[in-house]
Amino acid sequence: MSALLQTQGLGKTFRGLAANADIDFAIEPRSIHCVIGPNGAGKTTFLSMISGHLAPSSGRIFYNNADITRLATVARARSGIARKFQTPSVFHGLTTRTNIELAALRGSGSRGERRARIDEVLETIGLSAQAQRLAAHLSHGQRQWLEIGMLLAMQAKVLLLDEPAAGMTAGETAATGALLQKLVAERGLAIIVIEHNMDFIRDLDAEITVLHLGRVIANGRFDEIAADPRVADVYLGQQA
Ligand SMILES: Nc1ncnc2c1ncn2[C@@H]1O[C@H](COP(=O)(O)OP(=O)(O)OP(=O)(O)O)[C@@H](O)[C@H]1O
Ligand SMILES: [Mg+2]
């Protein structure tokens, strides 16, 4: 197995409804992998099983070739699998820097190493100049980047991002895409990202998996996906 993280036959049933069914998925190290699909397709359910917030009804999850299907959420987080939810969870009453500091406490290293990491993270997410501002006073986009920064401060190796560009301006959306590409190129992260914004997905230029009614209906790069009539039927067609 060369994949960093992989699922085999992953499924989740809620009272008879197959929210996910038979999902085979693999993300390579140092890469971005997009998961798209219409509302209710099962994207968040899929991410929740990878992060450990939901137990699968069937199938297996492997990380670094180890079976983590039954591993607790905290143990997955400690091994570098870090999740950002659809709604941001920064502390509004604290400064940008303190938010990052609190996250850094959950990583390893000496006090000095943590301090260096905090500065480096602020720089990476483009918020060094906002370090002393309250998170409440940041723009919507900046708060999303702060939350990504908190995952970096925890020394995440795999980022699970649920609609990170939701509600962003076009400029913020483009900056978010550039940030994710930088995290892969400079820090060697792997990123699974769910998004509805097709401009964002196209610009990421990454592998894409399309879900519909809980199943994988297509895999490929943006041009292949956009040309796939099944995808047009269930997803892209809806936006026309
Ligand atoms: N905890 C739950 N209990 C029961 N049904 C659920 C639960 N979570 C999700 N579902 C159902 O599973 C299906 C997939 O939901 P999910 O949230 O994974 O979709 P999604 O692709 O993330 O949608 P969206 O784009 O709207 O965020 C939906 O039909 C949803 O109603
Ligand atoms: Mg969702």
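Two strands are taken to pair if DSSP finds at least two bridges between them, and on this footing six strands of the predicted model form an open sheet with mixed pairing, in the order β6-β7-β8-β3-β9-β10. The edges of this sheet are held by β6 and β10, each of which pairs on one side only. Averaged over the sheet and with direction ignored, neighbouring strands are turned by 15° against each other.

Within the six-stranded sheet, strand β3 (residues 32-36) has partners in β8 and β9. With strand β8 (residues 190-194) β3 runs parallel, the two being joined by four bridges, and in this pairing Cys-34 stands opposite Val-193 of β8. With strand β9 (residues 207-212) the pairing of β3 is again in the parallel sense and extends over four bridges; here His-33 has Glu-207 of β9 as its bridge partner. Strand β9 is in turn joined by five bridges to strand β10 (residues 215-220), and these two strands run antiparallel. In that antiparallel pairing Val-210 stands opposite Ala-218 of β10, while the bridge partner of Thr-209 in β10 is Asn-219. The strands β9 and β10 form a hairpin in which two residues lie between them, and Leu-213 in the turn has a positive phi of about 50°.

Two helices can be described in relation to this sheet. Helix α1 lies across β3, β6, β7, β8 and β9, and runs at about 150° to β7. Helix α6 also packs on the sheet, where it touches β3, β7 and β8, and its direction makes about 160° with that of β8.

A further sheet is built from four strands, which form an open arrangement in the order β2-β1-β4-β5 with antiparallel pairing. Its edge strands are β2 (17-27) and β5 (66-67), each of them pairing on one side only. Strand β1 (residues 5-14) pairs with β2 in the antiparallel sense over seven bridges, and in this pairing Gln-6 stands opposite Ala-26 of β2. Helix α1 (residues 43-51) packs on this four-stranded sheet, touching β1, β2 and β4 (58-63), and the direction of the helix makes about 120° with that of β1. Helix α1 thus has contacts with strands of the four-stranded sheet and with strands of the six-stranded sheet.

At the level of domains, the chain is divided into domain 1, which comprises 1-75 + 158-240, and domain 2, which comprises 81-156. The C-alpha centres of the two domains lie 24 Å apart, and 28 residues of domain 1 are in contact with 20 residues of domain 2. The size of an interface is often given as the accessible area lost when the parts come together. Between domain 1 and domain 2 the buried area is about 2000 Å², of which carbon and sulfur atoms give 60%. Of the area that domain 1 buries against domain 2, 25% is supplied by Asp-162, Leu-179 and Arg-187, more than by any other three residues.

Polar interactions also link the two domains. Twelve residue pairs are in polar contact between domain 1 and domain 2, with both residues at pLDDT 80 or more, and one salt bridge is found across the interface. Arg-187, one of the three residues named above for their share of the buried area, forms a salt bridge with Glu-120, and the closest N and O atoms of this pair are 3.6 Å apart. On the side of domain 1 that touches domain 2, the elements that give two or more residues are α1, β7 (158-162) and α6 (170-187). Helix α6 provides the largest share of that side, namely eight residues.

Over the whole structure, a search finds ten salt bridges. Among them is the pair formed by Lys-84 and Glu-147, whose closest N and O atoms are 3.6 Å apart. Because Lys-84 lies in strand β6 (residues 81-84) and Glu-147 in helix α5 (residues 140-153), this pair ties together parts that are 63 residues apart in sequence.

Methods: Residues numbered from 1 in each chain as written. Chains lettered and ligands numbered in written order. Predicted model: local features only at pLDDT ≥ 70, side-chain atom pairs only at ≥ 80, totals over all residues. Heavy atoms only, no water. Contact = heavy atoms within 4.5 Å. Axes fitted to C-alpha atoms, helices over the stretch in contact; angles between N-to-C directions. Domains from an automatic or database assignment. Buried area = accessible area lost by both parts, 1.4 Å probe. Salt bridge = Lys/Arg side-chain N within 4 Å of Asp/Glu carboxyl O. Polar contact = N/O pair within 3.5 Å; in protein donor to acceptor, adjacent residues only side chain to side chain.
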